[in-house]
Amino acid sequence: MAMTSASHPSRQLGGFDATTVGIGSMIGAGVFVVYPPAAASAGTLLPLALLLAALVALCNATATVQLAAVHPESGGTYIYGRRQLGEWSGFIAGWSFVTGKTASCAAMAFTLGIYLLPGNERAAAVGAVVIVTAINLFGITRTAWATRIIVSVVIAVLAFVLVAAFASSGPENAGTIDTSARGVLQASALLFFAFAGYARIATMGGEVHHPEKNIPRAVFGALGFTLLLYVVLALALTHNLGIETLARSEAPLMDVFRNSDDGVSISVVTVAAVLACLGGLLALLAGISRTVYAMASEGDLPIFLSRLGRRFHAPVVAEPLVAVVVIILILTTDVLTVVGFSSFGVLLYYSVTNASAMTLSKRPWYAPRALNIAGFAGCLLLAFTLPLTSVLVMLSVLAVGIAGRAIRLAVLRR
């Protein structure tokens, strides 16, 4: 495997920092992007869709913990797939992660822009990506500290929103939305987008102290906390706005206060939205760049992408390159489109995670092989219930990646 002058990231993250990074990754996406389109698909069965997404996420978290304990290296399922299933499986996982989560970064940056500078949201989104990339280049400990501060503020504001939402009597007519089994599954696929942050912990496995102990604690801690928050928030928003209004809303947490014309509360929610998106971008861009680093180190991407900075041990080429791609997406697409792209890519990534975990002979008591099988089937089922455009575009992107690697291998053989 090719190495650079600084061949490995250093282990600087403790268990609490790793948990914070995972929570910060999930909260930004789940709270400010996913609920309206999920409500439009699932209607009053939104809680059921949320439960299904959480169950698939639990299966994936279990598989992630199993594999991270065996392979405590940066790169996540890209490394797991290579070690357990072969190079092509690892490549499919890595390519799906990089492309899917790059789309997710674009969605979060766009959301930040909509809240911060309506009418100039693209400029604000690009500025946010540039700032976050600069922070990440100063090392993963700065990322963890910044994420910890942001998560603390956002959770406090969300608690305030929850109290206000439940204190309201709600609309006289909450409305109804026709749905179907496919609608519930599609909503689950969109909601799963909001649960995927715990993977950032695994992709930075090479930078966590005592990974065999801290990675499982961080993964399950981040997932459990975020699941509880999402359930309560879904109930609060449905109670306050009604299902029809929630499905049409562009900013549901702000809509809780719009009827009362509470400008101060709206401003507070706006600040929280911006901070949550920044926190998610901090963790997501760090995780993507480290997967790119791992793929380049293994020879699946150009070797120059594996270069690490001498002082802070950050991927000094991969990080800016990922940021450039995110900026291109911001300038050429919209939030809802890239959420679908992201969901498909991440679900495909986790299907490889579960398939890899199936091959492990030694497994903890909480991770029977049946759970890996359920996770594998659940990921593929949800992925192919997404809107047809998202499925076809992401399958095309996957095909381009596979063709590129095949061509490269053929050239090397010659």
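## R405 and its salt bridges

Start with R405, a residue of this predicted model that is buried, with a relative accessible area of just 5%. Buried here means under 20% relative accessible area, so R405 at 5% falls on the buried side of the cut-off. Which residues does R405 pair with through salt bridges? One partner is E87, with the closest N and O atoms 3.0 Å apart. That pair links distant parts of the chain: E87 belongs to helix α4, R405 belongs to helix α16 (residues 388–413), and 318 residues separate them. The other partner is D300, and here the closest N and O atoms are 2.6 Å apart. D300 lies in the loop between α12 and α13 while R405 is in helix α16, so this pair ties together parts that are 105 residues apart in sequence.

Is D300 buried or exposed? D300 is buried, with a relative accessible area of 7%. As background, side chains of opposite charge can pair when their charged atoms come close.

## The network around E87

E87 has another salt bridge to look at: its side chain meets that of R82, at 3.6 Å from N to O. How much of each residue can be reached from outside? R82 is buried, at a relative accessible area of 13%. E87, on the other hand, has 43% relative accessibility and counts as partly exposed. Partly exposed covers the range between the 20% and 50% cut-offs, so 43% puts E87 in that middle class.

Now put the pieces together. Salt bridges that share partners join R82, E87, D300 and R405 into one network. For the protein, the count of salt bridges comes to four.

## Helix α13 and what covers it

Next up is helix α13, which runs over residues 318–332 and has 15 residues. From its first C-alpha to its last, α13 reaches 22 Å, close to the 21 Å expected at 1.5 Å a residue.

Which residues of α13 are buried? They are A318, E319, V322, A323, V326, I327 and I330. The cover over these buried residues includes α4 (87–116), α5 (121–137) and α12 (263–297). You have already met α4 as the helix that holds E87.

## T270 in helix α12

Helix α12 is also where you can find T270. This residue is buried, with a relative accessible area of 16%; the cut-off is 20%, so T270 counts as buried. What does T270 touch, once neighbours within four places in sequence are left aside? It is in contact with Y115 and M254.

## G183 and F193

Have a look at G183, which sits in helix α7 (residues 181–192). At 12% relative accessibility, G183 counts as buried. Leaving out residues up to four places away in sequence, G183 touches S41 and A42. The C-alpha atoms of G183 and A38 are separated by 8.6 Å, although the two residues are 145 residues apart along the chain.

F193 is found in the loop between α7 and α8 (199–203). It is buried, with a relative accessible area of 3%. F193 and V339 are 146 residues apart in sequence, yet their C-alpha atoms are 7.5 Å apart in space.

## A leucine patch on the surface

Not everything here is tucked away. L45, L48, L51, L55 and L58 form a nonpolar patch on the surface, and together they have about 410 Å² of accessible area. One of them, L51, lies in helix α2 (residues 46–70). L51 is partly exposed, with a relative accessible area of 48%. Over 50% would be exposed, so at 48% L51 stays in the partly exposed class.

## The whole protein

Time to zoom out. How many helices and strands does the protein have? There are 16 helices and zero strands. Of its 414 residues, 59% count as buried.

Links between far-apart parts of the chain show up in the contacts too: among those between residues at least 6 apart in sequence, 84% join residues at least 24 apart. As for the outside, the accessible surface comes to about 15,900 Å², and 67% of that belongs to carbon and sulfur atoms.

Definitions and conventions: Residues are numbered from 1 along each chain as its sequence is written. This is a predicted model: local features need pLDDT of at least 70, side-chain atom pairs count only at pLDDT 80 or more; totals for chains, interfaces and linings use all residues. Side-chain values use heavy atoms; hydrogens and water are left out. Helices (H or I, at least four residues) and strands (E, at least two) are DSSP runs, numbered from the N terminus. The expected span of a helix is 1.5 Å times one less than its number of residues. Buried means under 20% relative accessible area, exposed over 50%, partly exposed in between (1.4 Å probe, protein chains only). Contact means heavy atoms within 4.5 Å. Patches are made of residues with over 30% relative accessible area and no salt bridge: like charges are joined within 9 Å, nonpolar side chains (Val, Leu, Ile, Met, Phe, Trp, Tyr) within 5 Å. Accessible areas come from the Shrake-Rupley method with a 1.4 Å probe; for residues, only the protein chains shown count as cover.
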